[in-house]
Amino acid sequence: MSRYFTADLAGLDPYTPGEQPQGEIRMKLNTNENPFPPSPRVAQAITREQIDSLRLYEDPDSALLRQAAAKRYGLAPEQIVAGNGSDEILMLAIRAFCGEGKGLAFPNITYGFYKVWAALFGIDAKEIPLAEDFSIRPADYAHLGRTMVIANPNAPSGLVLTPAQIEEILRANPDDVLILDEAYVDFGSESCLPLLDKYDNLLVVHTFSKSRSLAGGRLGFGFGCPALIEDLNRVRYSMNPYNVNLLTQLAGIASLEDEDYFRACVDQVCDIRDKTAAALRQLGFIVTDSRTNFLFVRTDKMPGARLFDRLRQQGIVVRRWNDPLIADWLRISIGTREQMEQLVEIIRGILEE
Ligand code: PMP
């Protein structure tokens, strides 16, 4: 830290992204990327002509992209804002709906970035404990008097609340916004987008990083009533209006136009996930009922830190946190079928050592 760094941020504990290993790695299963490439239409959309037009600024409102998303999700373009990954949408929302006199609430085990944004913006944060089985209890979110951010499915548990349970939270908090992070919703759970017709305090956030294989493109969306979206744009235009670059806008449209490819990839990931979960349970692992593209697992046979290290020595990178509540758990992103079959065999070997 230099001597010029502002004192009010001196205690900031930044988010630690999953490692992007540079050297030889056998399997990278630590950041929930998709094992399959983006739709072939993405490459077709990025022509020589489009590259030439990079000399111009792109449309700061991502109008064509939002039109394509509106068509796909059955919404109006005014209900949609596009962002530089869903991280940016979440950050804009936390900045827009929290501040003086309005704190933020979120589960004590969830996506680690919520806490960091609260600290960055000087927002009072309240962590709500999960139940022992890692589930979120909707009743714990009644009348908090705070903006809430909930990942559904939650991370890293992979567990899901039903739309009826989300509705319970929305109804109990008519004067507060619920930011619903549906980063993993495409992998077999039910989206709460239909609730937008009934609730003006719901902001649903999606990403193209997971189910649409565009993590490196950085694209996310916020969906809400036009007034909420206008609020996000007010903050966005005060920070970085050109937030979604031209190539990513084109990639997003191309992806939205290839629903068959999207479905096929998601179906495969879910099938590989379920087979891997079954194989790990056979090895004695406790595996949560993850509806995402990752598994959250633990075994009584070996501490989490040791299994993590042994996998790492074999060139396999997964994710683990030092938080005592989950220190023995590993989060394993779903790779290709061959990778996951190999992984199970390698784990079997490690446990037999
Ligand atoms: N929400 C959750 C729950 C996540 O796990 C992630 C991925 N790190 C994100 C949001 C952010 O994803 P992105 O910015 O790539 O859209």
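# Notebook: loops, rings and hollows

I started at Ser 213, which lies in the loop between S7 and strand S8 (220–223). This is a predicted model, and I read every entry below with that in mind. I looked up the backbone of Ser 213 and found a positive phi of about 60°, although the residue is not a glycine. Is Ser 213 buried or exposed? Ser 213 counts as buried, because its relative accessibility is 13% and the cut-off for buried is under 20%.

I then checked Arg 218, which sits in the loop between S7 and S8. Arg 218 also shows a positive phi of about 60° without being a glycine. With a relative accessible area of 28%, Arg 218 is partly exposed.

**Entry: the cavity**

I went looking for enclosed space next. How many cavities of 30 Å³ or more does the structure hold? I found one, and the largest cavity encloses about 60 Å³ of space. Ser 213 turned up again here, since I saw it listed in the lining along with Ser 211, Arg 212, Asp 258, Tyr 261 and Phe 262, among others. Pro 37, Pro 38 and Ser 39 are also among the lining residues. Which element gives the most to this lining? My note says helix H9 (residues 259–282), with three residues. Sorted by class, I have five nonpolar, four polar and two charged residues around the cavity.

Arg 212 deserved its own look. I found its charged end over the ring of Phe 262, 3.9 Å from the ring centre. The charged end of Arg 212 also sits over the ring of Phe 208, at 4.9 Å from that centre. Of these names, Arg 212 and Phe 262 both belong to the cavity lining.

**Entry: ring pairs**

I moved on to the aromatic rings, and the structure holds 14 aromatic pairs. One of them is Tyr 184 with Phe 294, an edge-to-face pair at 5.0 Å centre to centre with 90° between the planes. I looked up where the two partners sit: Tyr 184 is in the loop between strand S6 (178–181) and strand S7 (202–207), and Phe 294 is in strand S10 (residues 294–298), so the pair ties together parts that are 110 residues apart in sequence. Both Tyr 184 and Phe 294 are buried.

For contrast in geometry I pulled up Phe 221 and Phe 223, which form a stacked pair, 5.9 Å centre to centre and 25° between the planes. Phe 221 is buried at a relative accessible area of 0%, and Phe 223 is buried with a value of 0%.

I also noted a cluster: ring pairs link Tyr 15, Phe 106, Tyr 111, Phe 113, Tyr 114 and Trp 117.

**Entry: the pocket**

Two of those cluster names came back when I turned to the pocket. The largest pocket has a volume of about 1200 Å³. Which residues lie closest to its centre? Of the 49 residues lining the pocket, I have Tyr 15, Thr 16, Tyr 111, Gly 112 and Arg 319 as the closest. Helix H4 (85–97), strand S3 (104–107) and helix H5 (113–120) each supply at least two lining residues, and H5 has the largest share, with five. By class, the lining divides into 22 nonpolar, 15 polar and twelve charged residues.

I followed Thr 16 a little further. Thr 16 is in the segment before strand S1 (27–28) and counts as exposed, with 55% relative accessibility. The C-alpha atoms of Thr 16 and Asp 300 are 28 Å apart, with their positions 284 residues apart along the chain.

**Entry: Ser 290 and Arg 310**

Back at Phe 294, I checked who reaches its backbone. The side chain of Ser 290 reaches the backbone oxygen of Phe 294 at 2.6 Å. Ser 290 also makes a side-chain polar contact with the side chain of Thr 292, at 2.6 Å. Ser 290 lies in the loop between strand S9 (286–287) and S10 and is buried at 2% relative accessibility.

Arg 310 was next, in helix H10 (residues 304–313). Arg 310 is buried, with a relative accessible area of 14%, and its side chain makes a polar contact with that of Gln 313 at 2.5 Å.

**Entry: cis peptides**

Last, I looked at omega. The peptide bond from Asn 152 to Pro 153 is cis, with omega near 0°. The bond from Ala 155 to Pro 156 is cis, again with omega near 0°. I placed Pro 153 in the loop between strand S5 (147–151) and helix H6 (163–172), and Pro 156 in the loop between S5 and H6.

Terms used
Residues are numbered from 1 along each chain as its sequence is written. This is a predicted model: local features need pLDDT of at least 70, side-chain atom pairs count only at pLDDT 80 or more; totals for chains, interfaces and linings use all residues. Side-chain values use heavy atoms; hydrogens and water are left out. On a 1 Å grid over the protein atoms alone, a cavity is a set of points where a 1.4 Å probe fits but cannot get out, and a pocket is an open set with protein on both sides within 12 Å along at least five of seven lines; lining residues have an atom within 4 Å of a point. Grid points are joined across faces, edges and corners, and a volume is the space filled by probe spheres set on the points. Helices (H or I, at least four residues) and strands (E, at least two) are DSSP runs, numbered from the N terminus. Ala, Val, Leu, Ile, Met, Phe, Trp, Tyr, Cys and Pro count as nonpolar, Asp, Glu, Lys and Arg as charged, and the others, Gly among them, as polar. Rings of Phe, Tyr and Trp (its six-membered ring) pair if their centres lie within 6.5 Å; planes under 30 degrees apart count as stacked, over 60 as edge-to-face and the rest as tilted. Buried means under 20% relative accessible area, exposed over 50%, partly exposed in between (1.4 Å probe, protein chains only). A charge sits over a ring if NZ of Lys or CZ of Arg is within 6 Å of the ring centre and within 35 degrees of the ring normal. A polar contact is a pair of N or O atoms within 3.5 Å; within protein, one must be able to donate a hydrogen and the other to accept it, and residues adjacent in sequence count only if both atoms are side-chain atoms.
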